[in-house]
Amino acid sequence: MKRSGLETATESSLLYEDLPQLDASEFVARLEQAIGTNAAIADLEDQAAGAAHYISLTAGGCRIAVEVSKNTRPPPVYFEALDWPMLHRNFPEAEEIVRGHHALIHISVEAEYDAVANALGMRSVNTTFTRNLLAARAAAAVCRIAMPSAIHWKGCEMLYKPGPFLRELDTEPVELFVKVTPFSSNRQIAGVRAVGGSTRGAYELLGREIVMEEAPVPVDWVIRALHAFVARCQANGGLMPHLTTFAPSRGDILIVRHLESTPEIQEPHISLEVRRADEVGFDATHVDDIALATVTKPKWDGSERRARPKNAKPFGRRGLA
């Protein structure tokens with residue numbers, strides 16, 4: 001994935017079958033409930049142009065712009081989100097909604113400092129988490145006025161159902177901002193297919209994307225572990241040091257490596273090597289090559305693969321999504 005530097009705006013789109021009505025005063029009231037009184041809302045502007053409706057305001061050191069219109073984006077804009085291999089399970093009707101929507105509410109949040117820095121040619125700072133959280137709360141405020149069919153989060157190219165989106169925002173918001181894409185070379189370890197995963201969105205939060213190397217573990221475990229690693233680093237204010245260990249849950253061991261490049265990934269990234277996953281009985285702490293490790297609970301592997309429908313997107317090879 002080619003990168004030109006940190007993004008300075010967070011964007012999301014809420015998709016609708018028909019043009020929704022969004023009252024500016026009600027939107028502000030809902031947003032104030034979500035962000036609290038410490039982030040005072042100011043500079044409210046409410047304008048209309050034909051059928052389109054535009055709301056802009058400042059809050060929490062950011063400029064929020066909301067567009068309500070029938071200016072829908074063509075389906076190819078959502079290609080990366082629709083191409084996610086796990087979409088068939090999390091949101092099977094996503095493609096139908098994308099092709100059938102006729103209106104949207106587009107939300108853009110930009111830190112005021114970054115806007116000034118861009119205009120002056122100065123280096124921006126990483127305000128991604130603050131912007132993302134404010135954009136997500138703005139999207140939640142809209143949902144409580146006019147519930148959409150889907151939410152497209154541009155930063156990590158994900159399509160969400162509104163219900164799960166709102167629940168994650170209240171519990172684990174980092175998981176909304178970082179997509180995990182599984183991959184597999186289909187090699188077997190102790191009779192179990194090895195699976196890895198890579199992130200999309202961690203770069204904006206932490207400065208590098210994260211790659212979990214293949215191990216005989218379930219896809220769900222890979223997704224949970226990568227999200228847990230990103231959340232831990234975000235909470236700590238930076239990446240864990242090179243060659244430290246990380247435990248997503250009790251009994252797990254992952255080795256953290258800072259890599260400048262590999263044959264598959266030319267840009268700097270973080271590699272996580274699974275040495276022990278207690279939940280699935282995988283233990284490679286006693287061997288140098290994980291191909292020689294033991295897996296004591298391999299029954300999940302076959303059922304997981306049989307459960308994938310024929311129209312599910314296939315897993316790719318090691319790389320960044």
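Start by selecting Arg208 and Glu260: a polar contact of 3.3 Å joins their side chains. Keep in mind as you click around that this is a predicted model.

Stay on Arg208 for a moment. You'll find Arg208 in the loop between α9 (202-206) and β12 (209-215). Is Arg208 buried or exposed? Its relative accessible area is 17%, so Arg208 counts as buried, since the cut-off is under 20%. Now show what surrounds Arg208. Leaving out residues up to four places away in sequence, Arg208 touches Ala202 and Tyr203, then Leu239, then His258, Leu259 and Glu260, and finally Pro268, His269 and Ile270.

Next, zoom out to the whole protein. Color by secondary structure and you should get eleven helices and 17 strands. Of the 321 residues, 50% are buried. Switch on a surface, and about 15100 Å² is exposed, with carbon and sulfur atoms supplying 50% of that. Among contacts between residues at least 6 apart in sequence, 59% join residues at least 24 apart.

Now for the inside. In soluble globular proteins, nonpolar side chains tend to be buried together. Here, the largest nonpolar core has 95 residues, and Phe27, Ile107 and Phe282 are the ones to select for the most contacts inside it. Then highlight helix α6 (residues 128-143), which gives this core its largest share, ten residues.

Last stop: Ile107. Which residues is Ile107 in contact with, leaving aside neighbours within four places in sequence? Select Thr10, Glu11, Ser12 and Leu14, add Ile64, Ala65 and Val66, and finish with Ala138, Ala139 and Val142.

Notes: Residues are numbered from 1 along each chain as its sequence is written. This is a predicted model: local features need pLDDT of at least 70, side-chain atom pairs count only at pLDDT 80 or more; totals for chains, interfaces and linings use all residues. Side-chain values use heavy atoms; hydrogens and water are left out. A nonpolar core is a set of buried Ala, Val, Leu, Ile, Met, Phe, Trp, Tyr and Cys residues joined through side-chain atoms within 4.5 Å. Buried means under 20% relative accessible area, exposed over 50%, partly exposed in between (1.4 Å probe, protein chains only). Helices (H or I, at least four residues) and strands (E, at least two) are DSSP runs, numbered from the N terminus. Contact means heavy atoms within 4.5 Å. A polar contact is a pair of N or O atoms within 3.5 Å; within protein, one must be able to donate a hydrogen and the other to accept it, and residues adjacent in sequence count only if both atoms are side-chain atoms. Accessible areas come from the Shrake-Rupley method with a 1.4 Å probe; for residues, only the protein chains shown count as cover.
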